[in-house]
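Please open the model in your viewer and keep the selection panel at hand. The tour moves from one selection to the next and says what is found at each stop.

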Amino acid sequence: MLLGACLGQSATPASTPLPPTATVPPSATAAPTVSPTSTPLSPIAVQPVEGMPTGTDGFPWWNDTVFYEVFVRSFYDSDDDGVGDFNGLTAKLDYLNDGDPQTDTDLGVTGLWLMPIHPAMSYHGYNVTDYYQINSQYGTLDDFKRFLAEAHQRGIRVLIDWVPNHTSNAHPWFLAALDPQSEYHDWYIWSDEPHGEDWYRAPNGQYYYGFFYSGMPDLNYTNPAVTAQMRDVTRFWLQDVGVDGFRIDAIKYLNDADRSEHSKATHAWLKDFRPFYKALNPQALMVGEVWDSSGLVADYTAGGDELDLGFDFDLARATVFAVGARRNTLFNEILARDLAVFPRQQMAIFLTNHDQDRVMSMLGDDVPRAKLAATLLLTAPGVPFIYYGEEIGMLGKKPDENLRTPMQWSAEAQGGFTTSNFPWRGLNSDYANKNVAAQQANPESLWAAYRNLIRLRAEHAALRVGETYVLDVGKSDTLVAMLRVTDDEAVLIVVNLGKEAISDYALTLDNGPLFGQYQIVPLLGAGDFAAPTVTASGGFTDYQPAPELPATSTFIVQLQPVP
Ligand code: CA
């Protein structure tokens, strides 16, 4: 089954990877090529970069990483056309992490997730027309490779968005598939009869299935040729280009031949896929978007034989709710529950992403509370993902374009995002007051809080991989307290979500890992701190680390053993 024959090409032996399908123009008359079904596997040489997280206490590198989600179109425009691009992103890498731990002018993130970077039919990129190329508005593949090398040099790993569930209806595969005689026909899901919602009439008179909308026909993963092609896509990016992994879009819909979410076929597909990509690069990370409750997300990760990580949407909602409502209950419950649901802290945690109203909009543009949200995110177990602009409190409410506006770099025209007068999308009107330059100059800014927390997490293994004890806070409904503990370190995080100071409170840990006597070393926040009296069961009872917890406040302290 080699479709190359359609173009008059000879069959390509399996030992020679075919060139990408990319160059086929989206024209119904040109049938695209397809790669052989069995791609030769040869692990790439993983070059560890000095300063790049390698993993702590047996946890994978990603538990040592703070990720940052980037919409390339909105990050930085290098060539004055109003559209962000890879040369622009490369120019701003020193903002994200300059590779020098001694400086404090950079945010300090060590991972990036790039929203789709391929040619696509819409501004957001989730309807791809060529999985092997870079969107020409963003630059060239060489631009991307240069960006990737520069990121790696600074100790930043890069995940790209992979959208396997569907293509654009302008993808050459779909255009070829319109011909019922084409070998591409079976790459999509067809019916001669209309079935109502999610089915769309094609020019050939048949109906195709597209879960999201007519412009995104679902691929048919019961067809092995589709799987073979998509494996080759991941092989290309992991092996030939050298990315560090993928954020997988809409994975719960992947193989839904029976139109059901989380189908057995989807789980089976992932179980087959995992050894494939791990053979290409054992360190590659696959983080999945399973937009659902934690139990259903964890079904993709708990067995250790499908995805590496899943986004924890429940905890994200609970975190934003806790800070917004100034109530601890949901956060404490969901965190305790999800620690059991996602074994070994294998969940990707976040506040909001590109599909949700920005957290700052949900918090009413309240900087002190945004700092609390940042604290909960960056001290919690799991792998944190920051959405670009969150660190300066960018606003944005639906529709989606408003969640994805250009980055606000400075008070200059167009926020310093572009020198064009016509950015692809207008900036938030607050950019003159709310921007990176202003907040970098202010040690009390939200940006400074993010940088300090990211740095603290990098410096303290307990914050990255420590076991987490969600403490009993007695009758307080505004306190969140966590103890994070490794063999070498114990760190206490206390957050008062409330708008009143609290002195009538007590922290209790019935059974814990503590032993002997401790002294307190403040890590973040000042105060007159007392050490706990450790009980015979390794915890403490009615412990008050500080006599009063100010309103809307946070402190983080280390419990250091007294020899
Ligand atoms: Ca540009």
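A charge is taken to sit over a ring if NZ of Lys or CZ of Arg is within 6 Å of the ring centre and within 35 degrees of the ring normal. With that in mind, and remembering that this is a predicted model, begin by selecting Arg 157 together with Trp 61: Arg 157 lies over the face of Trp 61, at 4.1 Å from the ring centre. A second place to look is Tyr 76, where the charged end of Lys 92 sits over the ring, 4.5 Å from its centre.

Keep Trp 61 selected and add the residues with which Trp 61 forms one aromatic cluster, namely Trp 62, Phe 67, Trp 113, Trp 291, Phe 311, Phe 313, Phe 350 and Phe 385.

Next, go to the calcium ion and display its donors. Asp 77, Asp 79 and Asp 81 each coordinate through OD, Val 83 through O, and Asp 85 again through OD, at 2.2 to 2.4 Å. Read along the sequence, these donor residues follow the spacing D-x1-D-x1-D-x1-V-x1-D. Are Val 83 and Asp 85 buried or exposed? Residues under 20% relative accessible area are called buried; Val 83, at 8% relative accessibility, therefore counts as buried, and Asp 85, with a relative accessible area of 4%, is buried as well.

From here, turn to the aromatic pairs, of which the structure holds 46. One of them to select is Phe 71 with Trp 424, an edge-to-face pair with 5.9 Å from centre to centre and 85 degrees between the planes. This pair links distant parts of the chain, since Phe 71 belongs to the loop between β1 (67-70) and α1 (86-91), whereas Trp 424 belongs to the loop between β11 (383-387) and α12 (436-440), 353 residues apart. If you colour by accessibility, Phe 71 counts as buried because its relative accessibility is 0%, while Trp 424, at 22%, counts as partly exposed.

Now select Phe 86 and Phe 144, another edge-to-face pair, with centres 5.0 Å apart and 90 degrees between the planes. Here too distant parts of the chain are linked: Phe 86 is in helix α1 and Phe 144 in helix α3 (residues 141-153), 58 residues apart. Both Phe 86 and Phe 144 are buried.

The last stops are pockets, so switch on a surface. The largest pocket has a volume of about 550 Å³, and to find its centre you can select Asn 97, Pro 101, Gly 108, Thr 110 and Ala 458, which lie nearest to that centre among the 26 lining residues. Helix α13 (residues 446-459) gives the largest share of this lining, 6 residues. By character, the lining of the largest pocket divides into 7 nonpolar, 9 polar and 10 charged residues.

The second largest pocket has a volume of about 480 Å³. It is lined by 25 residues, and those closest to its centre are Leu 524, Gly 525, Ala 526, Thr 554 and Phe 555. The elements to highlight are α11 (367-379), α13 and β18 (553-561), each of which gives two or more residues to this lining. Which element gives the largest share of the lining of the second largest pocket? That element is α13, with 4 residues. The lining of the second largest pocket divides into 13 nonpolar, 8 polar and 4 charged residues.

Notes: Residues numbered from 1 in each chain as written. Predicted model: local features only at pLDDT ≥ 70, side-chain atom pairs only at ≥ 80, totals over all residues. Heavy atoms only, no water. Donors = N, O, S within 2.8 Å, 3.2 Å for Na, K, Ca; no water. Buried < 20%, exposed > 50% of the residue type's maximum accessible area, 1.4 Å probe, protein only. Phe/Tyr/Trp six-rings, centres within 6.5 Å; stacked < 30°, edge-to-face > 60°. 1 Å grid on protein atoms, 1.4 Å probe; cavity = no way out; pocket = protein on both sides within 12 Å on 5 of 7 lines; lining within 4 Å. Points joined across faces, edges and corners; volume = space filled by probe spheres on them. Nonpolar A, V, L, I, M, F, W, Y, C, P; charged D, E, K, R; others polar.
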